[in-house]
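Reader: I would like a close look at a single part of this model. Please take the main nonpolar core and work outward from there. Keep it brisk.

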Amino acid sequence: MATDHQNPASKQQQPGTSAFKLIIYEQENFQGHCHELTGPCNDLQEAGVEKVGSILVLCGPWVGYEQANCKGEQYVFEKGEYPRWDSWTNSRRSDNIFAFRPIKVDSQEHKIVLYENPSFAGKKIEIIDDDVPSFHSHGYQEKVTSVRVQSGTWVGYQYPGYRGYQYLFEKGEYKDCAEFGAQFPQIQSVRRIRDMQWHQRGAFHPAAGAN
């Protein structure tokens with residue numbers, strides 16, 4: 001799904017026919033060879049992308065993965081500019097991205113329940129139509145081992161303030177932390193993923209997430 005373009009910036013002003021579109025640049029600050037994606041790509045290197053230096057999301061949202069075949073650390077991208085790796089992650093573990101897939105956002109409503117223990121047991125925190133930068137400030141200081149997403153699409157973070165490892169939560173059930181890609185049952189902030197279909201002004205600003 002990757003195609004090489006020399007001047008994709010001109011496409012920004014044109015309404016895209018695809019619901020999903022991002023442009024990968026092999027160097028920081030949108031320099032070097034660039035590649036356009038309009039659908040999932042399980043191995044960027046096989047598609048001819050040598051390095052992900054910066055990313056321009058024209059239509060999203062998307063999730064990138066540290067390893068091929070959508071494995072490893074996750075990075076959520078919404079419409080906007082990501083000039084270098086620390087604009088899409090502050091976990092500091094890796095600056096590699098080897099796979100991408102679009103995120104389906106099909107609900108205007110958002111409800112998520114996070115549980116202390118596996119299989120939806122123990123203490124819980126329920127969040128409806130809100131972003132929560134700190135679970136502690138809401139009185140929840142437990143670990144998060146299982147999650148139920150009743151509506152909407154969410155991203156959870158290892159630390160307060162939307163920092164650390166990111167975990168994508170789409171509608172469904174996650175009976176233990178391995179099912180959402182976490183090595184440890186630690187989530188301390190969560191926010192909604194929104195797109196232009198429901199929220200015309202967009203959602204998260206990458207610069208704010210990097211501070």
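Author: Start with the core itself. The largest nonpolar core has 20 residues. Those with the most contacts inside it are I112, L114, I127, F135, V147, F169 and F180. Four strands each supply at least two residues of this core: β9 (111–117), β10, β11 and β13 (163–169). The largest share comes from β13, with 3 residues. In general, nonpolar side chains tend to be buried together in soluble globular proteins.

A word on confidence. This is a predicted model. The protein chain averages a pLDDT of 85, and 83% of the residues score at least 70. Two stretches should be read with that score in mind. Over residues 1–17, pLDDT stays under 50, and the model has 27 contacts there beyond four places in sequence. Over residues 197–211, pLDDT also stays under 50. For that stretch the model has 22 such contacts.

Now take one core residue, I127. Leaving aside residues up to four places away in sequence, I127 touches H110, K111, I112, L114, V132, F135, W154 and V190. I112, L114 and F135 are also among the residues with the most contacts inside the core. Two other names in the I127 list lead onward: H110 and V190.

H110 first. H110 sits in the loop between β8 (99–102) and β9. H110 counts as buried because its relative accessibility is 2%, and the cut-off for buried is under 20%. The side chain of H110 reaches the backbone oxygen of Q108 at 3.4 Å.

H110 is also a contact of S151. S151 lies in strand β11. S151 is buried too, with a relative accessible area of 14%. Beyond four places in sequence, S151 touches S107, E109, H110 and K111. So S151 shares H110 and K111 with I127 as contacts. The C-alpha atoms of S151 and D106 are separated by 9.0 Å, with the two positions 45 residues apart along the chain.V190 next. V190 is a contact of D131 as well as of I127. D131 is placed in the loop between β10 (121–128) and β11 (146–151). D131 counts as partly exposed because its relative accessibility is 22%. Beyond four places in sequence, D131 touches Y162, V190, R191, R192 and R194. One of these contacts has a polar pair: a polar atom of the D131 side chain lies 2.8 Å from the backbone nitrogen of R192. The C-alpha atoms of D131 and I193, 62 residues apart along the chain, are separated by 9.6 Å.

Apart from this core lies another one. That core has 18 residues, among them L22, C41, I55 and F77. L22 falls within strand β2 (residues 21–27). Strand β2 pairs with strand β3 (residues 31–37) in the antiparallel sense, over 5 bridges. Within that pairing, Y25 has C34 in β3 as its bridge partner. The hairpin of β2 and β3 has 3 residues between the strands, and N29 takes a positive phi near 60 degrees there.

Last, the record. An unreviewed UniProt entry places the feature "domain: Beta/gamma crystallin 'Greek key'" at residues 20–59, 60–104, 110–151 and 152–194. Over residues 20–59, the chain is 0% helix and 50% strand. The end C-alpha atoms of that stretch are 5 Å apart.

How values were computed. Residues are numbered from 1 along each chain as its sequence is written. This is a predicted model: local features need pLDDT of at least 70, side-chain atom pairs count only at pLDDT 80 or more; totals for chains, interfaces and linings use all residues. Side-chain values use heavy atoms; hydrogens and water are left out. UniProt positions are given in the numbering used here, feature names are shortened, and annotations may be inferred rather than shown by experiment. Buried means under 20% relative accessible area, exposed over 50%, partly exposed in between (1.4 Å probe, protein chains only). Contact means heavy atoms within 4.5 Å. A polar contact is a pair of N or O atoms within 3.5 Å; within protein, one must be able to donate a hydrogen and the other to accept it, and residues adjacent in sequence count only if both atoms are side-chain atoms. A nonpolar core is a set of buried Ala, Val, Leu, Ile, Met, Phe, Trp, Tyr and Cys residues joined through side-chain atoms within 4.5 Å. pLDDT is the predictor's confidence in each residue, from 0 to 100. Two strands pair if DSSP finds at least two bridges between them.
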